[in-house]
Structures are given as structure tokens and as C-alpha cells.
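Thank you all for coming. I would like to take a few minutes to walk you through a structure that may be new to you, going from the whole chain down to single residues.

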Amino acid sequence: MDIIILFVLLFTALAIWRGAPRGLVLACWGLALVLMIGLFRYHVTSSLGLSF
């Protein structure tokens with residue numbers, strides 16, 4: 001999942017650099033934001049399953 005987020009952010013940066021339409025840049029940035037929030041929520045709520 002981390003790699004997918006990084007690729008979306010890389011695509012967003014390349015789109016900005018190439019002068020892509022504003023809607024595409026905002027959509028990619030929004031998608032990356034939603035994926036990051038989802039990943040954060042997963043890491044916060046998942047149990048580690050440690051037993052001592």
C-alpha cells in the first residue's frame with residue numbers, strides 16, 4: 001500500500017511538472033490523501049498480536 005501511495009504522489013508531481021489540468025492534479029492529490037488516511041487508520045486500529 002505504501003508503494004501505491006508513493007506512485008500516486010510521484011504521478012501527481014509529474015503531472016504538475018508537465019502542466020496537467022488542475023482537475024487531474026487535484027484528483028490525484030485527493031486520492032493520495034484518502035489512501036494515506038486509510039493506511040493511517042489501519043495502522044492505528046490494528047492489533048500487534050504480541051504475547052509475552
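I will begin with the overall form of the chain, then turn to its helices, and end with a patch on its surface.

Please keep in mind throughout that what you see is a predicted model. The chain has 52 residues, and its secondary structure consists of two helices and zero strands. If you lay a box along the principal axes, the C-alpha atoms fill roughly 55 × 15 × 10 Å. The radius of gyration of the chain is 15 Å, whereas a compact globule of 52 residues would have a value near 10 Å. As for burial, 17% of the residues count as buried, and the chain exposes about 4600 Å², of which carbon and sulfur atoms supply 74%.

Let me now take the helix α1, which runs over residues 2-18. How far apart are its end C-alpha atoms, and what span should its 17 residues have? At 1.5 Å a residue we should expect 24 Å, and since the end C-alpha atoms are 24 Å apart, the two values agree.

The next point about α1 is which of its residues are buried and which are exposed. The buried ones are I5, V8, T12 and A15, and because they cover an arc of only 85° around the axis, they sit on the same side of α1. On the other side of α1 we find I3, L6, F7, W17 and R18, which are exposed. To take one of these, I3 has a relative accessibility of 53%, and it counts as exposed because the cut-off for that word is over 50%.

The helix α2 covers residues 22-45, and I would like to pick out three positions in it. L35, which has its place in α2, has a relative accessible area of 19% and is therefore buried, as the limit is under 20%. The C-alpha atom of L35 is separated by 9.0 Å from that of D2, although these two residues are 33 residues apart along the chain.

A27 is also found in α2, but here the relative accessible area is 48%, so A27 is described as partly exposed. Between A27 and S46 there are 28 Å from C-alpha to C-alpha, with a separation of 19 residues in sequence. The third position, G38, again lies in α2 and is partly exposed, with a relative accessible area of 37%. From G38 to G49, eleven residues apart along the chain, the C-alpha atoms are separated by 21 Å.

That brings me to the surface. Which residues form the nonpolar patch there? They are I3, L6, F7, L9, L10, L14, W17, W29, L33, M36 and I37, and together they have about 1100 Å² of accessible area. The elements that give two or more residues to this patch are α1 and α2, and the largest share, seven residues, comes from α1. If you look back at I3, which is found in α1, you will see that I3 appears both among the exposed residues of that helix and among the members of the patch.

To close, I would ask you to look once more at α1, with I5, V8, T12 and A15 buried and I3, L6, F7, W17 and R18 exposed on the other side.

Key:
Residues numbered from 1 in each chain as written. Predicted model: local features only at pLDDT ≥ 70, side-chain atom pairs only at ≥ 80, totals over all residues. Heavy atoms only, no water. Patch = residues over 30% accessible without salt bridge, like charges linked within 9 Å, V, L, I, M, F, W, Y side chains within 5 Å. Areas by Shrake-Rupley, 256 points an atom, 1.4 Å probe, with all protein chains shown as cover. Salt bridge = Lys/Arg side-chain N within 4 Å of Asp/Glu carboxyl O. Helix = DSSP H or I, 4+ residues; strand = E, 2+ residues; numbered from the N terminus. Buried < 20%, exposed > 50% of the residue type's maximum accessible area, 1.4 Å probe, protein only. Rg over C-alpha atoms; globule rule 2.2 N^0.38 Å. Expected span 1.5 Å × (residues − 1). Arc of directions from axis to C-beta.
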